[in-house]
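Me: Could you take a close look at one helix and the helices it packs against? I would love a connected account.

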Amino acid sequence: MGKQIKNQHWNIQVFTHRTFAVFISLLLLSDVGIAAGRHEVKAQQQPQSQQETSAAAKRVFDEGFKLYQQGTAESLRQAIGKWEEALKLYRQINDKKSEALTFLGIGKVYDDLGEKQKALTSYDQALPLYRQVEDKGGEASTLNNIGLVYSNLGEKQKALSYYNQALPLYRQVGDKGGEATTLNNIGLVYSDLGEKQKALSYYDQVLPLIRQVPDKAGEATTLNNIGRVFSALGEKQKALTYFDQALPLRRQVGDKGGEAVTLNNIGAVYDDLGEKQKALSYYDQALPLLRQVGNKGVEATTVNNIGGVYNDLGEKQKALSYYDQALPLLRQVGDKGVEASTLTNIGLVYNDLGEKQKALTYYDQALPLRRQVGDKGGEATTLFNLAYLERSKNNLQPALTHIETAINIIEDLRTKIDSQDLRTSYFASVQGYYQFKIDLLMQLHKKDRSKRYDALALDTNERSRARVLIELLTEANAKIRKGANPQLLEQETSLLQRIEATEKLVKNLESQSQKDLILKNSIEQRKKERENLLDQYRELQTKIRTTNPEYAALKYPEPLTLSQIQQQLDKDTVLLQYSLGEDRSYLWAVTPDSLDSYELPGQKQIEDAANNFREVILEGGTPYGKSNPDAINKPASQLTQIILAPVANKLGKKRLVIVADGVLQNIPFAALADPSATLTTTSIAYQPLLVNHQIVNLPSVTAIATQRQQLNKRQPAPKTLAVLADPVFAADDKRVTGKEPAIAPNLNLDRSSLQRAMKNLKRNGLMSLPNTRTEAEEILKLVSPSQSIHAYDFDANYNFATNPELKQYRFLQFATHGIVDTTNPELSGIVLSQIDKQGKPVEKGYLRLGDIFNLDLGAELVVLSACETGLGKNVKGEGLMGLTRGLMYAGSKRAVVSLWQVDDEGTSQLMPLFYKAILQGESPTSALRDAQLQLWQQKQWQNPYYWAAFTLQGDWR
C-alpha cells in the first residue's frame with residue numbers, strides 16, 4: 001500500500017511543473033518593437049530636448065531588454081535597474097505608453113525571479129496607464145500577467161477573472177499570440193483545479209492559433225502542458241510523446257527555463273514508471289538550467305522531485321535534505337501548491353521512519369494549503385496519506401473518515417472528464433484509494449463482525465468497477481449516438497476508413513522482411529499515423545456524445561449496494577466477487593439473503609497460481625494433454641485451494657456468477673477443480689467445476705442491472721439464428737482460383753486443425769477455417785430455413801455483419817478468426833472476407849470494435865466463435881476493454897467469447913451441442929455447461945484446452 005501512496009503523491013507533483021516565461025517574453029518583444037517605432041515617429045514632432053530624452057530612454061530600455069534576454073538571475077536584476085532608469089526618463093517627457101510597457105517588463109522580471117508581490121506592484125502601475133492611453137493590447141497583456149501571478153500564488157478564481165478580462169481585449173485587437181497565451185493560462189488553471197478535460201479543451205484551442213502566428217516557444221509550452229494533463233490522468237506514454245515534441249522546440253528557441261521545465265516533467269513521468277535512475281538523470285539536467293535562469297519556483301519543484309526519488313530508493317535522510325532545500329524556496333516564491341506537496345512528502349518520510357506524530361504535523365500543514373489553492377487532487381493525496389498514517393497507528397475510524405473524504409473528491413473529479421478513455425485512465429490511476437478503503441473496512445470487520453463492515457467493503461468494491469461501461473450502457477439506452485450530429489457521424493465513418501486503411505498497410509508491411517531499415521522506418525511511420533488517427537477518433541467519440549442535447553440531462557446510475565445486488569440474484573445463484581490486493585485479497589459470496597466474506601492471499605500468490613494453471617492448459621499453444629492428460633490436476637487444485645476452497649461449503653450445486661479481478665479475468669473458472677471433490681496432487685480423478693455448476697462472468701453487477709433495466713422491456717426478435725462462417729481470406733483460396741493453394745512449408749500443421757487466430761498467418765494471408773462451415777451447417781440443421789440466415793465464402797463480409805436485418809435475429813454466430821489488440825482495443829475485432837469474387841482485396845475486411853459499437857442488435861445471445869474474443873486491454877477498475885462491452889452497448893443481452901486461441905475442430909464439435917441445447921429451451925448458461933461437459937466426457941476432447949476457452953458473459957436469466 002505504501003507504493004500506491006507514492007504513486008498518487010507523485011502524480012500531484014507532476015501537476016506543479018509550469019512556465020509561461022517564453023510566452024510573455026515574446027509579448028514583451030513584440031510590444032518593444034511597436035513602442036520603439038512610435039517613439040521614432042514622435043521624435044520628429046518633439047522639441048529637441050524631448051527628442052534627446054526620448055532617444056536616451058529608448059537606448060536605456062533596449063539595454064535592459066538585452067540584459068533580460070540573457071536570462072540569468074544577475075542579468076535580470078541588472079535589467080530591472082536599467083528599466084527603472086528608463087522610467088524616470090519616460091516620466092520627464094510624459095510618455096505614458098512607454099512608461100506602462102516598462103512597468104510591464106519590470107513586473108515580468110520580478111515574476112521570473114519568484115518575487116510575486118513586487119511583480120503585482122509593477123503590473124498594478126502599468127494597468128491604469130494602459131487604460132489611460134487606451135492601449136487595449138497592453139491592457140490585455142497586463143491583465144494576463146496579473147492573472148498568472150495570482151495563479152502561481154494559488155488564487156485560481158482570481159486568476160481566472162483576470163484572464164477572462166484579457167481574452168476579449170486580445171480578440172478585439174486581433175492579437176492571436178496574446179489570445180493563445182491567455183487560453184493557455186486558463187487551461188493551466190483548470191488543470192490545477194483538477195478539471196483536466198476542460199484544460200485540454202483550452203489547450204486544443206491554443207495549438208492552431210500558435211502555429212498560425214507562428215510561435216514555436218508558445219507551441220512548446222502548450223505541448224508541455226498537454227503532456228502534464230495526460231500524465232496526471234495516468235496516460236504516461238502519451239504524456240512522453242508531448243514532452244518529446246516540446247523539448248526540441250524549447251531548445252530551438254533558446255528557452256532554457258522552458259527546457260528545464262520539460263526535462264523536469266519527463267523525469268517525473270519516468271519516476272512514475274519506476275525508472276528512478278532515468279528520472280534522476282532528467283532532474284539533474286534541469287537543475288543547473290533553472291539556477292542559471294533564476295527560476296526558483298521550478299528549481300524548488302525539481303529539488304522536491306529529486307527528494308522523492310531518494311525516498312523511493314530508501315535513502316530517507318537524503319530525501320529529507322532535498323525537501324529541506326525545496327521548502328524555503330517555495331515559500332520565497334509563494335507557490336503554495338508545491339509547498340503542500342513538499343510538506344506531504346516530508347510527512348511521508350517521517351511516517352516511514354516511524355515518527356508518526358512528526359508526520360502528522362506536516363500533513364496538517366499541507367492540507368489547508370491544498371484547500372486554499374483549490375488543488376482537489378492534491379487534497380485527496382494528503383487525505384490518503386493521513387488515512388494511511390492513522391491505520392498504521394490502529395486508528396481505523398479516523399482513517400476511514402479521511403479515505404472516504406478522499407474518494408468523494410475522486411468521484412467528483414472523474415465526472416469532470418468527458419472523454420471515456422481519459423476517464424478510464426484516470427480511474428485506473430486512483431484505484432489504490434478504493435483498495436485501501438476495502439482493506440480498511442475488512443480490518444474493521446475483523447474487529448467487530450456485528451457491524452457488517454464487509455458489506456460496506458463489497459459496496460466499495462462494486463463502486464470501483466466498470467464505471468465507464470455502466471455509463472456507456474446508460475448512454476446506449478438514451479440513444480446518445482442515434483441523435484448525434486450527422487456531420488460528426490460522417491467524420492467518424494471517414495476516420496474509421498482511414499484507420500482501417502492504415503492498419504491494413506501496417507500489416508502488409510509487417511508481413512515483409514524486417515531486415516530492411518527503410519521498411520522498418522516505414523512501419524514506424526505508419527504506426528504513428530495510426531496512433532494519430534486513433535487519437536482523432538477518440539476525440540470525435542467524445543464530441544459525438546457531449547454535443548448531443550440529451551447528454552447534459554443524462555443521469556448515470558449509482559453503483560449498487562449489497563441489498564440492491566441481492567435483488568439481482570435468485571435462490572439458485574451465488575455471486576463470487578473478488579478483489580486482489582498487494583498484501584491481502586478478498587472474496588465476497590452473496591446470495592439473495594446472505595453475505596459471507598473471506599480473506600485470501602496477496603495478489604502475487606494468486607497471480608502465480610492462475611498463470612501456472614493457464615499455462616498448463618496452453619503450453620506452447622498446443623493441448624498439454626497430448627503428452628500428459630493428468631497434468632491439469634495439480635495446478636487446477638492449487639488455484640482452487642486459494643480462491644474457491646474457503647467458500648466451498650456455500651456453493652452446493654448452484655450457478656456461480658463470477659465478478660473476477662486482475663489475472664482471474666483470464667482464467668476459465670469452469671476448468672478449476674471442483675472444491676467439493678477430494679483431490680491429491682497425484683489423483684487422476686480430476687473433476688472440473690462445471691460438473692456441478694453453471695458459470696457466468698460479469699464485469700460488475702451494476703453493469704448487468706443497468707442492462708437489465710434497459711432490455712427487459714424489449715420485444716424479442718422475431719427470427720431465430722443468423723450465422724457468418726468460413727470467409728475467404730486469401731487470393732490463392734481455391735474459391736477464387738479453383739485450385740488448392742500451396743501450403744507454406746514453414747507453417748506448423750502438427751495440430752489436428754488450425755486455431756481461429758490471427759497468429760496463423762502465411763506470407764500471403766490467413767489460413768482458411770473449413771470447420772467453421774461444418775460447425776455452421778450442423779447448427780443450421782436445428783433451425784427452420786425461414787427462421788435463419790447465413791453467409792459463407794465471399795458473402796461472409798462486412799455488409800452482412802453490419803446489415804440492419806440482423807436485428808431481427810435472437811442468436812448471432814460469428815465463426816472465423818479473431819483479433820485482440822491489448823494496446824488499442826479499437827483495433828480488436830473479427831476477420832471477415834478479405835477478398836471479393838474477382839480475387840481483389842475488399843475495402844472493409846474486419847468488424848472492428850468501433851463497428852460493433854455502431855451496430856443495433858436485438859440479440860439474446862451473440863457467439864464469437866473465434867480466438868481470444870473475451871480478452872482485451874486489462875485496465876484497473878474497468879476490467880477487460882474488448883469486444884464484449886461493444887456487444888453489450890450494441891444491444892446483445894449476453895455473449896459467448898473465448899479466452900485463448902481455440903482449436904478449430906474442437907470448437908466445431910462444441911458449438912452444435914451448445915445450440916442444440918439452447919434451441920431445445922435451455923438457458924444459454926445451462927446449454928454452455930452441458931456442451932462443455934459432453935466434450936469433457938469424451939477422451940479425445942477431455943483436456944480443458946478444447947472446451948474451457950468459451951465463457952458466457954452477461955445476463956444469466
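Reply: Here is a walk around one helix and its two contacts. This is a predicted model, in which local features need pLDDT of at least 70, side-chain atom pairs count only at pLDDT 80 or more, and totals for chains, interfaces and linings use all residues. Residues are numbered from 1 along each chain as its sequence is written, and side-chain values use heavy atoms, with hydrogens and water left out.

Let's start with helix α9 (residues 176-192) and helix α10 (residues 196-212), whose axes come within 8 Å and cross at roughly 160°; axes here are lines fitted to C-alpha atoms over the stretch in contact, with angles from 0 to 180 degrees between N-to-C directions. The two are therefore roughly antiparallel to each other, a label for angles over 145 degrees. Residues in contact (heavy atoms within 4.5 Å) include Leu183, Ile186 and Tyr190 of α9, and Tyr202, Val206 and Leu209 of α10. By class, this contact has 11 nonpolar, 5 polar and 5 charged residues; Ala, Val, Leu, Ile, Met, Phe, Trp, Tyr, Cys and Pro count as nonpolar, Asp, Glu, Lys and Arg as charged, and the others, Gly among them, as polar.

Now for the other partner: the axes of α9 and helix α11 (residues 216-232) come within 11 Å and cross at roughly 15°. That makes α9 roughly parallel to α11, the term for angles under 35 degrees. Here Asn184, Leu188, Ser191 and Asp192 in α9 meet α11 residues, among them Thr221, Asn225 and Arg228. The contact of α9 with α11 divides into 2 nonpolar, 6 polar and 2 charged residues. Asn184, Leu188, Ser191 and Asp192 of α9 also appear in the contact with α10.

Methods. Helix = DSSP H or I, 4+ residues; strand = E, 2+ residues; numbered from the N terminus. Parallel < 35°, antiparallel > 145°, perpendicular 65-115°, else oblique.
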